[in-house]
Amino acid sequence: SHVNDSVPRVEIFNTILDVVSEVCDVPAQDIISFKKDEEIAEARIILVWLCVRSGLKPKEIGKFLNRKNPNFVSEQKAKYTVRDAEYTCFRSLVRKAARILPTRFKAMEEAEEAADMAKYIPSCSPTDSPTPTPTA
């Protein structure tokens, strides 16, 4: 599910990262690190897959993950395909994360809309209130 264009791309990435971190029980810092432990690598693969599915471009994903290899995203997608075909537990983690994301994206979009609306609402300061007219 794509997120509307008002939401900054890095926020989309960070939201997906948070969800993957929760679902896989792997700290976000480890997911974006260069560590190669199986659990971390698996979480990274899920992160990349969900980023692509959410409309982020491979170049953006590589940049957010601080990867210089231009083939990084396609390599992660290939690893995803293998794991998706072979491991039920992997598939269930992906499904769990994919179920959570739409709710988080909706909340992000609503927050962006609220922030946009706030720009157009004049702020009221105490001096703006009408002064009571003295009664005789």
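**Close-ups around helix H1**

**View 1. The buried side of H1.** In this predicted model, H1 buries Ile12, Phe13, Thr15, Ile16, Leu17, Val19, Val20, Ser21, Val23 and Cys24 (buried is under 20% relative accessible area, exposed over 50%, partly exposed in between, with a 1.4 Å probe and protein chains only). Among the elements covering those residues are helices H2 (28–32), H3 (38–53), H4 (58–64) and H6 (88–120). Helices are DSSP runs of H or I with at least four residues, numbered from the N terminus. Local features here need pLDDT of at least 70 and side-chain atom pairs pLDDT 80 or more, while totals for chains, interfaces and linings use all residues. Residues are numbered from 1 along each chain as its sequence is written, and side-chain values use heavy atoms, with hydrogens and water left out.

**View 2. H1 end to end.** Its 16 residues, 9–24, reach 22 Å from first C-alpha to last, close to the expected 22 Å (1.5 Å times one less than the number of residues). Right after H1 comes Asp25, with a positive phi near 60°.

**View 3. Val20 and the core.** The largest nonpolar core (buried Ala, Val, Leu, Ile, Met, Phe, Trp, Tyr and Cys joined through side-chain atoms within 4.5 Å) has 32 residues, and Ile16, Val20, Ile46 and Leu47 touch the most other members. H1, H3, H5 (72–86) and H6 each chip in at least two residues. Leaving out residues up to four places away in sequence, Val20 touches Asp25, Ile31, Ala43, Ile46, Leu47 and Leu50 (contact means heavy atoms within 4.5 Å).

**View 4. Two cysteines.** Cys24 is buried at 15% relative accessible area, whereas Cys89 is exposed at 53%. The disulfide count is zero, a disulfide being a pair of cysteine sulfur atoms within 2.5 Å.
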